[in-house]
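Work through the exercises below with the sequence and the coordinates at hand. Each task is followed by its solution.

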Amino acid sequence: LLAFVFVSIDGTENIEGFRNAIVRHDCVLECHHVAGTYDYLLKVVMEDMHVLESFLSKTLKKIKGVSSSNTIIVLGTLKEEFNF
């Protein structure tokens, strides 16, 4: 299961702690600092919906400073490239 998760951080004092915590999780493939309504965009991969639910409620939302999130589940991928 592939999903994108937008994350809002409450207070700049919590940014470093969030960054240190989120990169420790193998399910997080990418973490981008973004402009707009949210502060970060995560690309995550999970075994199934139950694991995603557990990650969101028991891991992500318990990181100090995480005030909200918005999850988008990928139904299919038409194109994905890596330009290294």
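**Exercise 1. Place Met49 and classify its exposure.**

Met49 is found in helix α2, residues 49–59. Helices here are DSSP runs of H or I with at least four residues, strands are runs of E with at least two, and both are numbered from the N terminus. Residue numbers count from 1 along each chain as its sequence is written, and side-chain values use heavy atoms, with hydrogens and water left out. The model is predicted: local features need pLDDT of at least 70, side-chain atom pairs count only at pLDDT 80 or more, and totals for chains, interfaces and linings use all residues.

Next, apply the exposure classes: buried is under 20% relative accessible area, exposed is over 50%, and partly exposed lies in between (1.4 Å probe, protein chains only). Met49 has a relative accessible area of 46%, so this residue is partly exposed.

**Exercise 2. Classify Arg24 and relate its position to Gly76.**

Arg24 is found in the loop between α1 (15–22) and β2 (28–33). Its relative accessibility is 63%, so Arg24 counts as exposed. From Arg24 to Gly76 the separation is 52 residues in sequence and 27 Å in space, C-alpha to C-alpha.

**Exercise 3. Find the pairing partners of strand β1.**

Strands pair if DSSP finds at least two bridges between them. Strand β1 covers residues 2–9, and six of its eight residues are buried. With β3 (residues 40–45), β1 runs antiparallel, joined by six bridges; Phe6 stands opposite Leu41 there. With β4 (residues 66–73), the pairing is also antiparallel, over seven bridges.

**Exercise 4. Describe the surroundings of Ser8.**

Ser8 lies in strand β1, and its bridge partner in β4 is Ser68. At a relative accessible area of 10%, Ser8 is buried. Contact means heavy atoms within 4.5 Å. Leaving out residues up to four places away in sequence, Ser8 touches Thr37, Tyr38, Asp39, Gly65, Val66, Ser67 and Ser68.

**Exercise 5. Identify the main members of the largest nonpolar core.**

A nonpolar core is a set of buried Ala, Val, Leu, Ile, Met, Phe, Trp, Tyr and Cys residues joined through side-chain atoms within 4.5 Å. The largest core has 19 residues, of which Val7, Phe18, Ile22, Leu42, Val44, Phe55 and Leu60 touch the most other members. β1, α1, β3 and α2 are the elements that give two or more residues to this core. The largest share, four residues, comes from β1.

Finally, list contacts for Leu60. Not counting residues up to four places away in sequence, Leu60 touches Val5, Val7, Phe18, Ile22, Leu42, Phe55, Val66 and Ser69.
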